[in-house]
Amino acid sequence: MFLIAGVQPKTRRVDENPQRCPVCGLMQAYTTRVDHYLSLFFIPLIRVKRGEPFLLCEHCERSMQTAFEPAPSPPLDGTERVCVACRKRFDRSFKYCPHCGQRA
Ligand SMILES: [Zn+2]
Ligand SMILES: [Zn+2]
């Protein structure tokens with residue numbers, strides 16, 4: 001029998017703003033997330049697992065955990081916002097919380 005349904009990983013870019021790659025130093029690392037979709041006939045249908053965001057460099061193709069500066073908790077200065085889900089701070093320009101993936 002043919003196996004037509006399965007779970008496939010799908011890579012999504014969470015943030016279009018490039019970050020500096022800690023490996024090669026170029027601004028070509030993007031916050032990326034790998035979600036897992038239940039797919040049928042290779043068409044993703046239902047998202048079954050939301051991945052943790054990580055940095056993926058397009059230059060050297062290294063991926064690394066988002067080691068966002070171990071923030072010494074500076075006061076909110078208008079460039080940051082607080083995630084409604086995990087209460088952590090992140091840059092206002094992010095469309096998604098880099099900590100938990102919550103849509104901003
Ligand atoms: Zn790199
Ligand atoms: Zn969050």
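What arrangement do the four donor atoms around the zinc ion (ligand 1) make? Tetrahedral, because the angles they subtend run from 102 to 125°. One caution before I go on. This is a predicted model.

Let me stay with that site. The protein donors of the zinc ion (ligand 1) are the SG atoms of Cys-21, Cys-24, Cys-57 and Cys-60. They lie 2.2 to 2.4 Å from the metal. Along the sequence, these donor residues are spaced C-x2-C-x32-C-x2-C. Look at the long gap in the middle. Cys-24 sits in the loop between β1 (5-13) and β2 (29-40), and Cys-57 sits in strand β4 (residues 54-57), so this pair ties together parts that are 33 residues apart in sequence.

How exposed are those two cysteines? Cys-24 has 28% relative accessibility, so it counts as partly exposed. Cys-57 is at 1%, so it counts as buried.

Now the second metal. Which residues hold the zinc ion (ligand 2)? Cys-83, Cys-86, Cys-97 and Cys-100, each through SG. The distance is 2.3 Å. The spacing here reads C-x2-C-x10-C-x2-C. The angles span 107 to 113°, so this arrangement is tetrahedral too. Within the site, Cys-97 is buried, because its relative accessibility is 0%.

Next, the chain as a whole. It has 104 residues, and 26% of them count as buried. How many helices and strands are there? Zero helices, seven strands. Read in order, the pattern is β-β-β-β-β-β-β. Take the contacts in the chain with a separation of 6 or more. Of those, 37% come from residues 24 or more positions apart. The exposed surface is about 7,300 Å². Carbon and sulfur atoms supply 56% of that.

On to the core. The largest nonpolar core is made of five residues: Cys-21, Ala-29, Leu-55, Cys-57 and Met-64. Two of those names you have already heard. Cys-21 and Cys-57 are also donors to the zinc ion (ligand 1). Now take Met-64. Leave aside its neighbours within four places in sequence. Met-64 is then in contact with Cys-21, Pro-22, Val-23, Phe-54, Leu-55 and Cys-57. Among those partners, Cys-21, Leu-55 and Cys-57 are core members.

Now some single residues, starting with Ser-39. Is Ser-39 buried or exposed? Buried, because its relative accessibility is 4%. Ser-39 is found in strand β2. Its side chain makes a polar contact of 3.4 Å with the side chain of Gln-8. Gln-8 also appears in the wider contact list for Ser-39. Beyond four places in sequence, that list is Ile-4, Ala-5, Gly-6, Gln-8, Pro-44 and Leu-45.

Val-48 is in strand β3 (residues 43-49). Its relative accessible area is 47%, so Val-48 is partly exposed. What does Val-48 touch, not counting residues up to four places away? Val-7, His-36, Tyr-37 and Leu-38. Asp-35 is 13 residues from Val-48 along the chain, and the two C-alpha atoms are separated by 7.7 Å.

Further along, Thr-79. It is in the loop between β5 (63-65) and β6 (80-82). Thr-79 counts as partly exposed, because its relative accessibility is 43%. Thr-79 and Asp-91 are twelve residues apart in sequence. In space, they are 6.0 Å apart, C-alpha to C-alpha. Thr-79 touches Asp-91, along with Phe-90 and Arg-92, leaving out residues up to four places away.

Last, two backbone oddities. Phe-41 is not a glycine, yet it has a positive phi of about 55°. It lies in the loop between β2 and β3. At 52% relative accessibility, Phe-41 counts as exposed; the cut-off is over 50%.

The other is Arg-87. Its phi is near 65°, again a positive value in a residue other than glycine. Where does Arg-87 lie? In the loop between β6 and β7 (89-91). Arg-87 is exposed, because its relative accessibility is 61%.

To recap the metals. The zinc ion (ligand 1) takes SG donors from Cys-21, Cys-24, Cys-57 and Cys-60. The zinc ion (ligand 2) takes them from Cys-83, Cys-86, Cys-97 and Cys-100. Thank you.

Methods:
Residues numbered from 1 in each chain as written. Chains lettered and ligands numbered in written order. Predicted model: local features only at pLDDT ≥ 70, side-chain atom pairs only at ≥ 80, totals over all residues. Heavy atoms only, no water. Donors = N, O, S within 2.8 Å, 3.2 Å for Na, K, Ca; no water. Tetrahedral: all angles 85-135°; square planar, octahedral: opposite > 155°, others 65-115°. Buried < 20%, exposed > 50% of the residue type's maximum accessible area, 1.4 Å probe, protein only. Helix = DSSP H or I, 4+ residues; strand = E, 2+ residues; numbered from the N terminus. Contact = heavy atoms within 4.5 Å. Areas by Shrake-Rupley, 256 points an atom, 1.4 Å probe, with all protein chains shown as cover. Core = buried A, V, L, I, M, F, W, Y, C linked by side-chain atoms within 4.5 Å. Polar contact = N/O pair within 3.5 Å; in protein donor to acceptor, adjacent residues only side chain to side chain.
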